[in-house]
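Reader: Please go through this structure with me in questions and answers. I would like the reasoning before each result.

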Amino acid sequence: MENERKNVIHMGNFDSMEDFLASGTPVAQYAPQTSLGAWKKLAEKAKKENPMNLRPDIAYCIVLNPDKEKETRIREEYAKLGIDTPLEIFKAVDGKNPQVNFNYNLFEGWKIRSQNDFWNREITQGEVGCALSHLSIWMTASQQGFGSVLILEEDFKVLRPWPDAEFAWPENWDWQYTMLYLGRNAVKPDKRKLTDYLVEPDYSYTTHAYLLTAAGVQRLLEQNFQNYICAVDEFLPATYTDHPRGDMDFVYQDTFCASVIDHVIGQTSNSESSTTENTDSAENYKTPSATPISKSERLYPELFDISDWEAWKKRWIHESARTKEWDLITDEPVTDVFTFPIFTKEFCEKIIQEAEHCAQWERKRHEFYPTTDMLLEKFGFDEIYHKVLVEYVYPMAKHMWQIEGSIWDDLESENFMIKYDANVQGHLSLHHDNGSISCVLALNDDFKGGGTYFWRQKKLHNGAVGHISVHPSVITHRHGGRPVEEGQRFIIVSFCNKRR
Ligand SMILES: [Fe+2]
């Protein structure tokens, strides 16, 4: 992450993106081939001929290392669309040595433990260059005041001529798209059919051919994408639908996105998305071509199979816990904080992976002390975890504190996994929990720093992997999460209360 931060370029003279855009400063090393005046004239002519303005004012094609030969090929391909919208060749920002005149930062904490190969690695230089290229075009389009802009990537392939009639909007519709895919790779089934030719898409990949209206450009710029650069085809869907990675839910969903059913523009070079080339029938659009995440898909079904409860416990519950000899196995590292080993290390590693695979992280569930967390029910583990609390944790608590009454045998609990990340949200301020007792299960130890600090007791507790610690939540045990200095710390927390 440190290396990547070196890429940040400081422009210094402008306080905000708005000021920067207003200044007219070129956004990237890019020499427009057509003067602004010529563009405007062409756009006005096109509008006169086509008052519905269904054609873009300008088209940009992002090209890495453009040369004459490439440009000729691209212009020949573009001509197949049969529209007179001028085409600009936009020299792609080189991800290895990005030259842009504005500040940017990479998405912190992009790499997660996921089965999705686009998410379980750092952001690539190619993705950075590509994202900065798209962002530069949006900024340029805003500076130039275009009504609509078509954005292409150099491997685009025209599948059929520009179909004006398909973009006509039914009268009296109050829903107008601000972004329109001319081709894409649908990951999830579409939300709804808008017209005979257009759908409202759900999560989709690829950005080789899309159109933005002026409002669309403005809305994208207001997202401040420059502060969390990641693959642009991960960012764009987050502006119009729920991104499967819950940690992108801070992005405003104010893009109105439509997509042609019968793709107009496909892509030649990317095997992942080459299905767009074949999508020449209305039926194909219904078939998701890739499913990066699905709640029903489980990495380790064995964690969820409790058909033989005794066998399940033997496999995943620590042998100490299984003795239930609380006086023998329980430690009290901090006054009234009881700990004992409850799960095996293998369980802990696998449950982290299962959560990362589900990737429904949220950052705003707890109003006053927000954490990056995910309810266990999101990946179908809540009931099993409750069963374990009832069998091991509540009996231990009753015994160690000598609490009486059957009401303590089966508390109701909110169970969730927290991810502290040194780069994202590495700590939690001092607080009281919302429960009679709280449980913290440590899931990993490959991080630096971290741990639960008990303020009144003046002690830090960093549990061993698979050990659970239980403390009274109110009054006496005000506590906080010490900052994680390096890596990620995963814990499962339960707030337990008596049932009413
Ligand atoms: Fe807490």
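The questions below go from the whole chain to its cores, a helix pair and some single residues.

Reader: How many helices and strands are there in the protein?

Author: The model is a predicted one. Its secondary structure consists of 14 helices and 25 strands.

Reader: What percentage of the 500 residues is buried?

Author: A residue counts as buried if 20 or more other C-beta atoms lie within 10 Å of its own. In this predicted model, the buried share of the 500 residues is 40%.

Reader: Among contacts between residues at least 6 apart in sequence, what percentage joins residues at least 24 apart?

Author: Contacts between residues less than 6 apart are left out of this figure. Of the contacts that remain, those joining residues at least 24 apart make up 78%.

Reader: Which helix gives the largest share of the largest nonpolar core?

Author: In soluble globular proteins, nonpolar side chains tend to be buried together. Here the largest nonpolar core has 59 residues, and Tyr60, Ala131, Leu182 and Tyr210 have the most contacts inside it. Nine residues, the largest share of this core, come from residues 125–144, which is helix α5.

Reader: How many residues are in the second, separate core?

Author: This core is separate from the one just described, and Phe347, Phe379, Ala442 and Ile491 are among its members. Its number of residues is 49.

Reader: Which residues does Leu182 touch, not counting those up to four places away in sequence?

Author: Leu182 is one of the residues with the most contacts inside the largest core. With residues up to four places away left out, Leu182 touches Ala209, Tyr210, Leu211, Val260, His263, Val264 and Ile265.

Reader: Is α5 oblique or roughly parallel to α7?

Author: Two packed helices are described by the angle between their axes and the distance between the axes. For α5 and α7 (residues 214–222), the axes are 9 Å apart and the angle is about 125°. Angles under 35 degrees count as roughly parallel, over 145 as roughly antiparallel and 65 to 115 as roughly perpendicular. The angle of this pair therefore makes α5, relative to α7, oblique.

Reader: Is the crossing of α5 and α7 left-handed or right-handed?

Author: The angle of about 125° between these helices does not by itself name the hand. The crossing of α5 and α7 is left-handed.

Reader: How many nonpolar, polar and charged residues make the contact of α5 with α7?

Author: From α5 come Trp138, Met139, Ala141 and Ser142, and from α7 come Val217, Gln218, Leu220 and Leu221. Sorted by class, the contact has six nonpolar, two polar and no charged residues.

Reader: Is Leu220 buried or exposed?

Author: Leu220 is found in helix α7 and contacts Trp138, Phe225, Thr239 and Thr255, leaving aside neighbours within four places in sequence. Because 25 C-beta neighbours lie inside 10 Å, Leu220 counts as buried.

Reader: What separates the C-alpha atoms of Ala214 and Ala141?

Author: Ala214 also lies in helix α7, but with 16 C-beta neighbours inside 10 Å it counts as partly exposed. Not counting residues up to four places away, Ala214 touches Phe146, Gly147 and Ser148. Ala214 and Ala141 are 73 residues apart along the chain, and their C-alpha atoms are separated by 8.1 Å.

Reader: Which residues are in contact with Leu389, leaving aside its neighbours within four places in sequence?

Author: Leu389 has its place in helix α14 and is buried, with 23 other C-beta atoms within 10 Å. Its contacts, sequence neighbours within four places aside, are Tyr394, Ser413 and Ser494.

Reader: Where is Asp336?

Author: Asp336 is not a glycine, although its phi is positive, about 60°. With 14 C-beta neighbours inside 10 Å, Asp336 counts as partly exposed. Its place is the loop between β13 (331–334) and β14 (337–341).

Reader: Is Gln402 buried or exposed?

Author: Gln402 is not a glycine either, and has a positive phi of about 50°. Gln402 lies in the loop between α14 (382–401) and β16 (412–421). Because it has 6 other C-beta atoms within 10 Å, Gln402 is exposed.

Notes:
Residues numbered from 1 in each chain as written. Predicted model: local features only at pLDDT ≥ 70, side-chain atom pairs only at ≥ 80, totals over all residues. Core = buried A, V, L, I, M, F, W, Y, C linked by C-beta atoms within 7 Å. Buried ≥ 20, exposed ≤ 12 C-beta atoms within 10 Å, placed from the backbone. Helix = DSSP H or I, 4+ residues; strand = E, 2+ residues; numbered from the N terminus. Contact = placed C-beta atoms within 7 Å. Axes fitted to C-alpha atoms, helices over the stretch in contact; angles between N-to-C directions. Left-handed = near helix turned anticlockwise from the far one by under 90°. Nonpolar A, V, L, I, M, F, W, Y, C, P; charged D, E, K, R; others polar.
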